[in-house]
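Please look at the model below with its enclosed spaces in mind. One helix is then taken up separately.

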Amino acid sequence: MTTETFEFQVEARQLLQLMIHSVYSNKDVFLRELVSNASDALDKLRLAALQDDSLDVDTSDPRIEIEVDEDARTLTVRDNGIGMSYDEVGKLIGTIANSGTAAFLKELKETQDAAGAEGLIGQFGVGFYSGFMVADEMTLVTRRAGERSGTRWSSRGEGTYTLETVDDAPQGSAVTLHLKAADPDNQLHDYTSAWKIKEIVKRYSDFITWPIRLVAQEGEGDDTPGSETLNSMKALWARSRDEVSDDEHHELYKHVSHDWRDPLETIRLQAEGTFEYQALLFLPAHAPEDLFTRDFRRGLQLYVKRVLIMDDCEALLPPYLRFVKGVVDAQDLSLNVSREILQQDRHILMIQRRLTKKVLSSVKEMKTKAADKYATFWGEFGAVLKEGLLSDTDNRDLLLAVASFASTHGEDTPTSLQQYVERMQDGQDDIYYMTGSSRQSIENSPHMEAFRARGIEVLLLTDPVDEVWVDAVGEFEGKRLRSVAKGEIDLDVQGEEQADDEREKQTEAYAGLLGWMKEQLGEEVKDVRLSTRLTVSPACVVSDSHDLTPALENMFRAMGQEIPATRRILELNPDHSLVQGLNKAYEERGGNGELVGTAHLLHGLAVLAEGDRPKEPGRFVKLVAERLERTLG
């Protein structure tokens with residue numbers, strides 16, 4: 001057969017050099033990665049056979065074999081799983097999809113500790129390349145299940161690889177490593193040693209559900225290790241908590257999540273009765289970069305009586321818990337079940353409700369008993385968890401109980417809604433909040449001035465979902481959730497007749513200016529009125545009580561929805577010298593051309609203070625330039 005030679009992509013070459021000249025202290029992880037890949041291939045074959053009865057495959061003895069040749073110094077990891085086609089080998093092995101290598105190298109540069117660097121190997125799906133830590137050359141022989149011919153891939157990791165079609169390849173994949181000489185000083189062990197292989201498999205892969213067999217060498221006399229199964233194959237979720245160590249839990253998490261770090265929390269659940277199932281779930285310590293993308297792969301592994309039937313069953317948890325990883329093993333489901341059927345299956349719906357409550361209850365307990373761990377969790381996943389306040393009304397109270405929010409009460413310590421209510425001032429009926437892109441932008445907003453002056457606490461909400469859930473929830477324990485940037489705000493204590501009289505006099509004194517400015521600004525504003533929320537700034541723009549905020553309008557437009565522009569309300573601070581001077585000038589000269597420009601400038605400044613831009617930026621800049629020019633004349 002014709003052998004073709006190809007070059008690795010640039011980033012893949014960088015990764016190869018990293019592996020070849022590896023300084024990792026723990027090179028044993030290469031075997032963990034190859035065994036994990038073999039296990040995935042067997043899982044995929046099982047699923048393919050369930051979904052397609054006509055598929056011509058052998059599933060009689062699914063297994064992973066490890067074979068060593070001490071004389072040739074080779075180690076082979078073989079499986080009879082799904083295998084790969086010629087094109088798949090070129091795509092998945094010759095290159096690295098989804099720029100995984102670039103992300104790997106970037107993370108590696110930012111990782112200072114050796115343990116973190118070692119773990120990065122498996123994070124981006126580049127575990128196959130870890131073989132070059134211990135090998136001078138790697139060969140892959142594979143045949144995709146159902147196809148007649150196979151493929152041989154080979155490389156010395158020096159920038160090129162070869163591909164050729166072979167006729168005698170068995171179903172599955174076999175990766176052969178031509179091992180480097182042992183170098184104990186550099187933590188490079190003798191990986192032809194049977195005891196070393198057993199140690200690695202027991203440590204990293206004991207939970208793998210397929211048998212991992214060490215194949216006996218021929219003609220080696222009595223000292224030859226037998227063909228033995230190295231792993232217990234007993235699912236961790238089927239064992240009692242006392243029998244399973246934290247390290248074993250962590251290895252299972254890394255296997256199902258492809259994350260290199262330990263999980264933040266492990267959650268076990270066993271349901272007995274008319275419908276039995278077991279669940280072993282994990283809360284990650286870090287949010288994946290693609291958590292909010294459409295292509296994010298979510299779902300738990302679904303087993304039926306220890307047989308994997310779905311690798312990413314989305315129906316087991318709601319979308320707002322898409323970051324949770326783990327396995328569910330049910331006793332009474334059909335092996336041949338489709339995603340569409342699962343969406344409607346009453347047993348699956350029961351599992352989803354139970355798992356959802358269990359996860360949320362675990363987070364609530366973490367909040368109470370492990371504050372530091374909860375702070376890490378909420379910092380990573382709080383934004384996605386708040387999506388549940390919109391979609392999961394059954395668990396809304398529990399979600400509100402586990403949620404925490406930044407607040408003006410303290411810069412470093414977030415608050416719960418319950419804590420906010422307990423600190424509310426006498427006579428305060430509402431829970432005040434403001435949404436924005438950052439804490440700093442909110443704190444500098446003119447809308448906050450009166451609340452700061454009166455010492456009234458305000459929640460500072462900076463996640464995009466905050467724009468939506470506050471309206472959906474509406475209230476907490478009878479206290480209305482109220483935006484400081486919407487509607488009219490009256491912070492004066494009830495019964496202060498003097499304040500009411502003063503406001504009435506100001507409204508009467510400014511009536512002419514307010515009506516004239518509304519006329520001049522036209523379609524740019526819905527109304528012009530005096531403000532009770534400003535103490536320092538001359539003006540601000542606010543939304544009417546039931547209008548969409550600008551941020552929410554932009555969000556809908558980004559999703560392709562046509563949203564008509566909402567006119568805002570311009571509020572003026574009657575105690576500011578600029579507004580007082582403008583009112584005096586209007587009373588003395590009427591609405592001349594000079595004051596028209598000032599009115600537009602004042603409105604533009606209010607829009608800018610909110611982080612938005614004037615409707616006509618060019619005109620606004622021209623007005624500012626003219627005013628600056630006069631100050632120099």
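How many cavities of 30 Å³ or more does the structure hold? In this predicted model, there are 5 cavities of 30 Å³ or more. The largest cavity has a volume of about 120 Å³.

The lining of the largest cavity can be traced residue by residue. Glu524 takes part, and so do His600, His603, Gly604 and Val607. The list continues with Pro614, Lys615 and Glu616, and ends with Arg619, Phe620 and Leu623. Two or more residues of this lining come from each of α20 (593–609) and α21 (617–632). Helix α20 gives the most, with 4 residues. Sorted by class, the lining has 4 nonpolar, 3 polar and 4 charged residues.

Now turn to helix α7, which covers residues 246–257. This helix has 12 residues, and the distance from its first C-alpha to its last is 16 Å, close to the 16 Å expected at 1.5 Å a residue.

Is α7 mostly covered or mostly uncovered? Helix α7 is mostly covered, with 9 of its 12 residues buried. The buried residues run from His249, His250, Glu251 and Leu252 through Tyr253, Lys254 and His255 to Val256 and Ser257. Histidine, glutamate and lysine side chains are thus included in the buried part of α7.

What do these buried residues pack against? Their helical partners are α2 (29–51) and α6 (194–204). They also pack against the strands β10 (265–271), β11 (277–283), β12 (300–304) and β14 (325–330). Just after α7, His258 takes a positive phi of about 60 degrees.

Note on methods. Residues numbered from 1 in each chain as written. Predicted model: local features only at pLDDT ≥ 70, side-chain atom pairs only at ≥ 80, totals over all residues. Heavy atoms only, no water. 1 Å grid on protein atoms, 1.4 Å probe; cavity = no way out; pocket = protein on both sides within 12 Å on 5 of 7 lines; lining within 4 Å. Points joined across faces, edges and corners; volume = space filled by probe spheres on them. Nonpolar A, V, L, I, M, F, W, Y, C, P; charged D, E, K, R; others polar. Expected span 1.5 Å × (residues − 1). Buried < 20%, exposed > 50% of the residue type's maximum accessible area, 1.4 Å probe, protein only. Contact = heavy atoms within 4.5 Å.
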